[in-house]
Amino acid sequence: MTTETTLHHRIDGPESAPVLVLGPSLGTDLHLFDAQVQALADRYRVLRFDLPGHGGSPAPGSPQTMSGMAAAVIALLDRLGVERFHYAGVSIGGAIGQQLALDHSRRVLSLAVLASAARFADPGSWPERAAIVRANGTEAMVASRPGTWFVRSFARTDEARRLLEMLRATTAEGYAGCCEAISTFDVRERLGEVEVPVLAIAGAEDPATPPEMVRLIADTVANGRFEVVEDSAHLLNAEKPERVTELLAAHLAATE
Ligand SMILES: O=C(O)CCC(=O)CC(=O)O
């Protein structure tokens, strides 16, 4: 059985504008998208949510799955009266987007996946990571994340420090539950069913979801487009906000 956690969220932009839902990555919160919201909230009603046990969302009470988290997003949108929406997400946020496009296809107008995968690498390592974090807290992940999240020059910036504070603030159970959802997520055989326009964006130097892994999503869906952002790693929308926002804006405009 999957949990349907109530997700903390924030809405910016005009009430009458098309809705864009943004899903963050493991160990970050909805402020991962501050730069994109600043640029897009004049044209879109931007709804950002926190993953279970991240940011302002309560920690999950039972095992997490990607379809359970997609159902929690749908429950939030139902409560808010949102029927159809564009969706963009980073990494696990992009995996939730793929699950939404598969399980709730009638609701999704377009999908953008950033640094995400149809099947994440090393599935066996995620339960181990969950156990480490349950025993030691998310602080146990802080020292090693910059090498995955950022290119070397970005790791020394205030923005990088701000992102690492989001990881420190994430509950151990929230982080561990998301690791378990990642370990069982595999939609490679189903992605061909996705018919809405899909933009898949990779960070050229991302070791977690390298460009070929992200490209697989664009190549498998019916209507996919693939882009690589140079000089960026896993959290590419924070590292290269202007370029990622430009790609996202063009994708959304082409879908309308
Ligand atoms: O922090 C990492 O090791 C990357 C984790 C990952 O690929 C899933 C995510 O960022 O949502």
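Me: Why does the pair formed by an oxygen atom of the ligand and the side chain of R129 count as a polar contact?
Reply: In this predicted model, an oxygen atom of the ligand is 3.0 Å from an N or O atom in the side chain of R129; a polar contact is a pair of N or O atoms within 3.5 Å, so this pair counts as one.

Me: Which other side chains have an N or O atom that makes such a contact with an oxygen atom of the ligand?
Reply: For S91 the distance is 3.1 Å and for W149 it is 2.9 Å, and because the cut-off is 3.5 Å, these pairs count as polar contacts too. The protein covers 98% of the 310 Å² of accessible area that the ligand has on its own.

Me: What makes W149 part of the shell around the ligand?
Reply: A residue belongs there if one of its heavy atoms lies within 4 Å of the ligand, and W149, with an atom 2.9 Å from a ligand oxygen, therefore qualifies. Among the 13 residues around the ligand, those that come nearest are L26, S91, R145, W149 and H234.

Me: Which helices each supply at least two residues of that shell, and what classes does the shell contain?
Reply: Helix 4 (125-136) and helix 6 (146-149) do so, while the shell as a whole has seven nonpolar, four polar and two charged residues.

Conventions
Residues numbered from 1 in each chain as written. Predicted model: local features only at pLDDT ≥ 70, side-chain atom pairs only at ≥ 80, totals over all residues. Heavy atoms only, no water. Polar contact = N/O pair within 3.5 Å; in protein donor to acceptor, adjacent residues only side chain to side chain. Areas by Shrake-Rupley, 256 points an atom, 1.4 Å probe, with all protein chains shown as cover. Helix = DSSP H or I, 4+ residues; strand = E, 2+ residues; numbered from the N terminus. Nonpolar A, V, L, I, M, F, W, Y, C, P; charged D, E, K, R; others polar.
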